[in-house]
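Hi everyone, thanks for coming. Could we have the sequence and structure up on the screen, please?

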Amino acid sequence: MTYPPNNPYGGGNPYGGQPQPGYGQPQPGYGQPQPGYGQPQPGYGQPQPGYGQPPYGGQPQPPYGGPPQPSGPPAGVPTTLNVQSLPDDDNVNPYVFCITLNGEWFMSKGAMLAYYGNVQFDAVTEYSSVQAWVGAKFSSPIYVQDWVVAQGHGKVLIGDRGFDLNAYDLDDGNLTIKASNLCAFSPALELKQSIVPGFVTLIGTGKFIASSNGPVIFVEPPFRADPDALLGWADCPSPSVHHDAQWMTQSMLGALSGALGRASGEERQYDFTGKGTILLQSSEVAREDPAVLRLVESQTQLLTNAQAGSLGQRLVARAQQQH
Amino acid sequence: MAQLTAQKRVLHADLHGDRIRAASGSMVAYEGNVDFKNSGMGGGGGMRAALKRAVAGESISLMDCTGHGRVHLAKDAMDVLVVDLGGDTLTVESEHILAHTEHLRLDVQFAGLRGMTSGQGLATTTVTGQGQVAIVSDGPVMALEVAPGQDLVVDPDAYVGSRGQLSMNLVSGVSWKSLVGEGSGEPFSLRFTGHGLVLVQSSER
């Protein structure tokens, strides 16, 4: 069987309209104005022809065929994929990305779904003792436990909770992304911890793969984003936190009663100014990021013993309230 | 002959006076005259299968749907795939079975150590015969081909099922050193060798 290498769905562009060079393979160079981003992309959000519809692959598929069905090929039967027909560094479907591994890649723990070839997975901590460059490329002690180095030759399929996966090419740029949404990155890039908790910054030239709950929306500053829906930003200065003016007035009046109690959940946003691009996901469902705990814990060193004690009491009270 | 048709996350089952088995509680709507009845223990596979299931902990709870009409089945908004069997065997995790037509036989196959890693039970279910099986998956299923010289390694949580002459072993992708303390996150994987297809879902939950 032969397949067009970059078109795993068989006939037609699965994402509707015109051929978009690399769904999920955005654009070289983030900073410049991007034609197509920021405005609705044709094909997103509308039924995707060719997905879940009959002839997925076209030809009869020997292993699945069985007796030919009178009603035509059964709906939704996936095309058989193998090493040759898997795409090179491209999406297999909106939720799965295939990395052609030839050397090393950093991958988030548990992102691997399956692989062909000779691939070895080592904890980053383990690997850095063998290869000193790892420490220079992965400069975030908070996240190091959640990452592995995939090393070898083959094709690795990765996925993340069934979220949409997109590949991004950085060209001598920088992009900050929610750490729990980053799935894999090439060692050509350098990872650093962002000042904003829960985010990491990738610097350099290379490719990385990130997940989003729903399609990614690109906007330009000035812009205020909900912290949960914020996926990342490129080239912008770090955001400041903006609080709703009315909420601020109220909480200043009621400061004695403890401002933490009166949150609607929407009074706090991240405020972006300057030049750049902001990435949003279309859902606010967040994943528990184990690193945030480590991050906050490491910052408690700033507290005096008395302060730490009173923080501890407040946390105990909060934990008891939630039960 | 009952006909199963998948439409994204819903399975349509057209009944013409015959019977299908479906996962208990998976009916979302039906048209026509259809009776629903619990198949009893063992998923209707008979006493022997029931015993093996009890031993293996491979739980499955099915109901009989009989009558005339169309039944709509779904489970946790998972994607549905219909597999046509022509006398051969499909190996599938029991929790992924949504429905199957009448003349298929469900049995339990012991899978050795594998169950220890994924918590999916020590055994796996085989479906044999002539008919259709509907399986659910988290995200669309990919059918990955395994051929001699093209071994495939799969995360146990992404594994849905397999078909063909395959043998499965447990592999550890990490050295013993990294097992102590922090794991690599892919501590055990399933290596498939032989000739066949492996069904993999797009989420590792």
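I'll walk through a few strands, one glycine and a surface patch.

First, some housekeeping: this is a predicted model, where local features need pLDDT of at least 70, side-chain atom pairs count only at pLDDT 80 or more, and totals for chains, interfaces and linings use all residues. Residues are numbered from 1 along each chain as its sequence is written, chains are lettered from A and ligands numbered from 1 in the order in which they are written, and side-chain values use heavy atoms, with hydrogens and water left out.

Let's start in chain A with strand 7, residues 164-178 (helices, H or I of at least four residues, and strands, E of at least two, are DSSP runs numbered from the N terminus). Is this strand largely enclosed or left open? It is largely enclosed by the rest of the structure, because 11 of its 15 residues are buried (buried is under 20% relative accessible area, exposed over 50%, partly exposed in between, with a 1.4 Å probe and protein chains only). Strand 7 of chain A pairs antiparallel with strand 10, residues 199-212, over 13 bridges (pairing takes at least two DSSP bridges between two strands). There, G173(A) sits across from G204(A) in strand 10. Strand 7 of chain A also pairs antiparallel with strand 13, residues 230-234, through 3 bridges, and T176(A) has W233(A) as its bridge partner.

Next, still in chain A, comes an open sheet of 3 strands, in the order 12-15-14 with antiparallel pairing. Strand 12 (223-225) and strand 14 (240-243) are at the edges with a single partner strand each, so one side of each has no neighbour in the sheet. Between strand 14 and strand 15 (residues 268-272) there are 4 bridges, and S240(A) is partnered with D271(A).

Over to chain B. G161(B) lies in strand 11, residues 159-172, and is buried at 0% relative accessible area. Which residues does G161(B) contact, leaving aside neighbours within four places in sequence? They are T91(B), V92(B), L197(B), V198(B) and L199(B), where contact means heavy atoms within 4.5 Å. Q201(B) is 40 residues from G161(B) in sequence, with 9.4 Å between their C-alpha atoms.

Finally, back to chain A and helix 6, residues 305-321, which holds L315(A). L315(A) is partly exposed, at 46% relative accessibility.

That's my tour, so over to you for questions!
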